[in-house]
Structure formats: C-alpha cells, structure tokens
Amino acid sequence: MPVARPTVYITRKIPDPAIALLTESLDVSVWPEEDEAVPRDVLIREVKGVDGLLCVLTEKVDRELLDAAPRLKIVANMAVGYDNIDVGSCTKRGILVTNTPDVLTDATADLAFALLLATARRLPEARDFLLKGQWKTWSPMLLTGKEVHGATLGIVGMGRIGQAVAKRARGFDMKVLYYSKRRNPQVEEEIGARYVDKETLLRESDYVSLHLPLTPETRGFIGERELRMMKPTAVLINTARGAVVDERALCKALMEGWIWAAGLDVFEVEPLPVDSPLRTLPNVVLLPHIGSATVKTRTDMALLAARNIRDYLVTGRVHTPVNPEVIQRY
Ligand code: NAP
Ligand code: GLV
C-alpha cells in the first residue's frame with residue numbers, strides 16, 4: 001500500500017524555489033496571492049488535515065488555529081520574529097516551531113542603517129521638496145539634518161541584527177553603546193561597544209536603534225518615561241516590532257519635540273491605519289515593514305522555512321527550531 005505523503009499548507013505565494021523544494025516530497029497547497037493575506041476562515045479550513053504549516057508574520061497561530069489542525073506537527077514561520085505564534089501552546093501539543101534567523105541579519109541591518117541615514121538627513125522630505133517644484137536655489141540651511149558620523153548610537157537588543165548594525169556604525173566612526181538582556185564581552189571587544197543600563201543609553205545616545213524581539217516583557221519598552229529621557233536632538237529607529245514602542249507616546253514626543261525625529265519600519269497595527277497621526281508628522285520616516293526585503297534574502301528565508309518543514313516531516317531533522325524541547329522529548 002503506498003504511504004501517504006505528508007501535507008503542507010503555505011499561507012502566501014512564496015518564491016518558486018521554495019515551493020519546488022517542498023513539492024519534491026510533500027503534498028502542497030498554497031494560498032495563491034502574494035499581496036493579500038489568506039482570510040482567517042480559509043486558513044482555519046485549510047489547516048484541518050495538514051502536517052505542516054508554512055506561514056508569514058501576518059498569520060496568527062493561536063489556540064483557535066491549533067484546535068482546527070489536529071494533525072499539525074510543524075509551524076515554519078518565514079520570519080525571525082515569532083510573536084505571531086503561540087509557542088507555548090504549540091509546545092504543549094508537541095508541535096515544532098521554526099523561524100528564519102541569520103539569513104536576514106545583514107539585509108535587516110542594512111535597512112536599519114538606511115533608515116537611520118534617511119531620517120537624520122531628511123531624505124524623503126528632500127525628495128518631495130524637489131518633486132513638488134519647491135527647489136528654487138541652493139540655500140545655506142536648506143533641509144539641514146543631523147550628523148551621523150561621530151555621533152553616539154545606542155543599540156537596544158545586542159543580538160544578531162543589533163551586532164550587525166553596530167558593525168555598520170563603526171564604519172561611520174560612531175560611538176556605540178548597548179543595552180541587552182545579557183552583557184556580551186566578545187561584542188564589546190570585537191566592535192568596541194560599551195554596555196550601559198537602559199537609562200544611560202537613552203540619555204546619552206544621539207540615535208537609539210531597537211533590535212529586541214516582541215515579548216510580554218518588551219511590549220511598550222519605549223514609552224513616555226523613556227522618550228522623555230532621550231535628548232531633544234535624538235532620533236529613534238525601530239525595525240524590531242511596532243509594539244515595542246508605545247506609539248501614542250511616540251506621536252506626542254514627536255509633536256512636542258521631546259525627541260527630534262523617528263524612523264519606523266514597524267507599527268503597532270500593520271498596515272499603518274490611514275488615520276494614524278504618524279502619517280501627518282514631518283519628523284518621521286515611515287516604511288512598510290521591509291527590513292529583510294531583498295530578493296536574495298526573501299528567497300533564502302522561504303528556502304529555510306521550506307527546508308525546516310521538508311526535513312522535519314521526511315527525516316525528523318530540523319535546522320532552526322524555536323522550541324527544540326519538542327524534539328528532545330522523544
Ligand atoms: P536575536 O538575535 O534574538 O536578538 C534579540 C536580542 O534582544 C538578543 O540579544 C536578546 O538577548 C535581546 N533581548 C531579548 N529580550 C530583551 C529584553 N527584555 N531586554 C533587553 N534585551 C532583550 O534576534 P534578531 O535576529 O537580531 O532579530 C531581532 C528582532 O528583529 C526580531 O525578533 C524581529 O522582531 C525583528 N526583525 C524585524 C525585521 C523587519 O523586517 N523590520 C526583520 C528581521 C527581524 P538574549 O539573546 O540574551 O535573549
Ligand atoms: C521580520 O519582521 C522578521 O521578523 O523576520
């Protein structure tokens with residue numbers, strides 16, 4: 001009797017090489033849209049009989065979804081952050097969760113640094129100025145911004161991406177401070193970063209760049225109290241997760257000049273609501289969550305997620321587990 005091939009549902013049209021990798025040995029269904037998330041009712045229906053789920057960060061993998069998927073063995077997130085997944089409930093049910101670390105570190109660090117430069121030097125504003133026909137002549141103080149080279153950068157969360165940003169900052173002769181859950185003497189030596197407490201980092205940095213995961217502990221990590229500690233000339237860069245910052249407090253800080261500007265790739269609610277006050281502020285640069293968005297990196301992320309599913313379902317091997325205790329249990 002032929003053995004049934006494991007089944008997988010993919011919640012978004014992902015790069016072809018990743019789909020091809022899965023279809024070699026698994027039965028695969030895909031939500032066919034690239035720019036539209038799978039509706040929740042369709043997702044709940046589709047996961048009913050599947051062994052594996054390859055999802056993106058817009059999908060909430062919660063108890064309701066897990067209840068609807070009694071055969072599920074692995075959830076492979078095509079993202080390094082996994083705050084969209086109830087990992088505790090997956091672990092209780094013996095479901096492996098994987099993410100996509102490392103392959104996106106450099107692309108995301110590049111974007112964080114690009115956003116820092118764009119915010120400091122007011123690039124979107126300058127482009128609009130030119131395109132709107134407002135450029136009449138060279139002018140001594142026209143669109144003047146802030147120095148980046150030689151300034152102090154405070155990195156919050158000195159993990160993979162935090163370290164990659166610190167390396168870029170050294171190329172700009174920046175002084176690097178960091179605050180993280182743990183001190184990392186190797187980073188201090190290699191990159192020349194100095195470990196400080198949260199308050200010192202906020203008070204002394206010209207730029208604060210966030211690279212923490214979103215967890216119950218880090219939700220609202222930057223709120224009114226923290227924003228008031230920052231220099232009135234400081235810039236906040238967030239490429240981590242929107243909810244790490246209290247957005248209402250940030251709007252107030254930007255409007256009332258507690259800080260100079262912010263560069264944001266991530267938001268409490270995504271896509272950013274049309275009535276968000278952030279859209280109307282002149283001193284904020286907004287991007288639509290494109291931290292890892294290069295062709296190569298997104299393809300590598302999809303391939304890693306696909307390899308996690310295929311190898312786990314076919315051979316029991318796993319590459320980047322979030323809850324390895326699920327495997328160790330057996
Ligand atoms: P990572 O290597 O795990 O780094 C996270 C760092 O934050 C770790 O050093 C961690 O310390 C530290 N940390 C955790 N909780 C903390 C707390 N309460 N206080 C202080 N430090 C804390 O992760 P990564 O690969 O650099 O990614 C970081 C985050 O970036 C992801 O979780 C994701 O949300 C976001 N991201 C966004 C984009 C985008 O498109 N904008 C792209 C990629 C990633 P320990 O190691 O000691 O726990
Ligand atoms: C993107 O935001 C990721 O976590 O990979």
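User: Which ways do A261, A262, G263 and L264 point from strand β11, and what does "buried" mean for them?

Analyst: A261 and G263 point one way from β11 (residues 261-264), A262 and L264 the other, and all are buried, meaning under 20% relative accessible area (exposed is over 50%, partly exposed in between; 1.4 Å probe, protein chains only). That fits the usual pattern: in a regular strand, side chains alternate between the two faces of the sheet. Mind that this is a predicted model, with local features needing pLDDT of at least 70 and side-chain atom pairs pLDDT 80 or more, while totals for chains, interfaces and linings use all residues. Numbering runs from 1 along each chain as its sequence is written, chains are lettered from A and ligands numbered from 1 in written order, and side-chain values use heavy atoms, without hydrogens and water.

User: How do you know that β10 and β11 pair?

Analyst: Two strands (DSSP E runs of at least two residues, numbered from the N terminus; helices are H or I runs of at least four) pair if DSSP finds at least two bridges between them. β10 (residues 235-238) and β11 have four and run parallel, with L236 opposite A262.

User: What makes β2 and β5 edge strands?

Analyst: Five strands make an open, parallel sheet ordered β2-β1-β3-β4-β5. β2 (27-30) and β5 (96-98) each have a single partner strand, so one side of each lacks a neighbour in the sheet. From one strand to the next, the twist averages 15°.

User: Which strands does α1 lie across?

Analyst: Helix α1 (residues 16-23) crosses β1 (7-10), β2 and β3, at about 145° to β2. Angles run from 0 to 180 degrees between N-to-C directions, with axes fitted to C-alpha atoms, for helices over the stretch in contact. Helix α12 (residues 295-315) also packs on the sheet, touching β1, β3, β4 and β5 at about 165° to β4; contact means heavy atoms within 4.5 Å.

User: Why is Y179 called partly exposed?

Analyst: Y179 has a relative accessible area of 24%. Y179 sits in β7 (residues 175-179); beyond neighbours within four places in sequence, its contacts include I155, M158, Y195 and F221.

User: What makes the lining of the largest cavity nonpolar, polar or charged?

Analyst: The lining is N238, G242, V245, E247, L250, L264, V266 and F267. Ala, Val, Leu, Ile, Met, Phe, Trp, Tyr, Cys and Pro count as nonpolar, Asp, Glu, Lys and Arg as charged, the others, Gly among them, as polar. That gives five nonpolar, two polar and one charged residues.

Key: 1 Å grid on protein atoms, 1.4 Å probe; cavity = no way out; pocket = protein on both sides within 12 Å on 5 of 7 lines; lining within 4 Å.
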